[in-house]
Amino acid sequence: MGLFVFSFFEYFFHRWMVHGSIRIMVDGQHTHHENPIGYDSVPFLLPALILLRLFGIFILVRPVGYAFLLTGAIAFGYVTYGLSHFLIHHFHPDCNFGVTAPLWDILLRARYLQPEFKKKI
């Protein structure tokens, strides 16, 4: 259930927030698509600041070991997401918003299919 919910939040944020109408996010995403391996689209310290804030919240409700484990898992997920995003999405900027899971792209018809594959379906 957690993966299902996460996949929707990932899709929602990526498609309708980053590719949507919030100007600062759209501008950052446009810069990202022009230079996918550049650091212009996400401020360099933003992921670290978010992780520190999350760690601060986690340590208030869980033992320190769990807080470190959870924060480390989120950091690993962020790196995995970034690598997946680069490999999957930058060639088709109007498709494949569900970077780690194709479910919502399939259901909402935003999945890119190669032309020869479309003919077979």
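How many aromatic pairs does the count come to? In this predicted model, the count comes to six aromatic pairs, and two of these, described below, link distant parts of the chain.

**Aromatic pairs**

Tyr 11 and Phe 97 form an edge-to-face pair, with 6.1 Å from centre to centre and 90° between the planes. The two partners are 86 residues apart, Tyr 11 belonging to helix 1 (residues 2-21) and Phe 97 to the loop between helix 4 and helix 5. Tyr 11 is buried, with a relative accessible area of 0%, and Phe 97 likewise counts as buried, at 5% relative accessibility. The rings of Phe 55 and Phe 68 have centres 4.7 Å apart and planes at 35°, so this pair is tilted. Here the partners are 13 residues apart, with Phe 55 in helix 3 (residues 46-61) and Phe 68 in helix 4. Phe 55 is buried at a relative accessible area of 17%, whereas Phe 68, at 52% relative accessibility, counts as exposed.

| Pair | Centre to centre | Angle between planes | Class |
|---|---|---|---|
| Tyr 11 and Phe 97 | 6.1 Å | 90° | edge-to-face |
| Phe 55 and Phe 68 | 4.7 Å | 35° | tilted |

Tyr 11 and Phe 97 also belong to one aromatic cluster, which they form together with Phe 8, Phe 12, Trp 16 and Trp 104. A ring also takes part in a contact of another kind, in that Arg 62 lies over the face of Tyr 66, at 4.8 Å from the ring centre.

**Backbone**

Most residues other than glycine have a negative phi. Asn 96, however, has a phi near 55°, a positive value in a residue other than glycine. Asn 96 is placed in the loop between helix 4 (64-88) and helix 5 (103-107), and it is buried, with a relative accessible area of 5%. Arg 109 also has a positive phi, of about 55°, although it is not a glycine; this residue is found in the loop between helix 5 and helix 6 (115-120). In contrast to the buried Asn 96, Arg 109 is exposed, with a relative accessible area of 79%.

**The chain as a whole**

The protein chain has six helices and zero strands, so that every element in the run from the N terminus on is α. Of its 121 residues, 24% are buried, and the chain exposes about 9000 Å², of which carbon and sulfur atoms supply 72%. Among contacts between residues at least 6 apart in sequence, 48% join residues at least 24 apart.

Key:
Residues numbered from 1 in each chain as written. Predicted model: local features only at pLDDT ≥ 70, side-chain atom pairs only at ≥ 80, totals over all residues. Heavy atoms only, no water. Helix = DSSP H or I, 4+ residues; strand = E, 2+ residues; numbered from the N terminus. Buried < 20%, exposed > 50% of the residue type's maximum accessible area, 1.4 Å probe, protein only. Contact = heavy atoms within 4.5 Å. Areas by Shrake-Rupley, 256 points an atom, 1.4 Å probe, with all protein chains shown as cover. Phe/Tyr/Trp six-rings, centres within 6.5 Å; stacked < 30°, edge-to-face > 60°. Lys NZ or Arg CZ within 6 Å of the ring centre and 35° of its normal.
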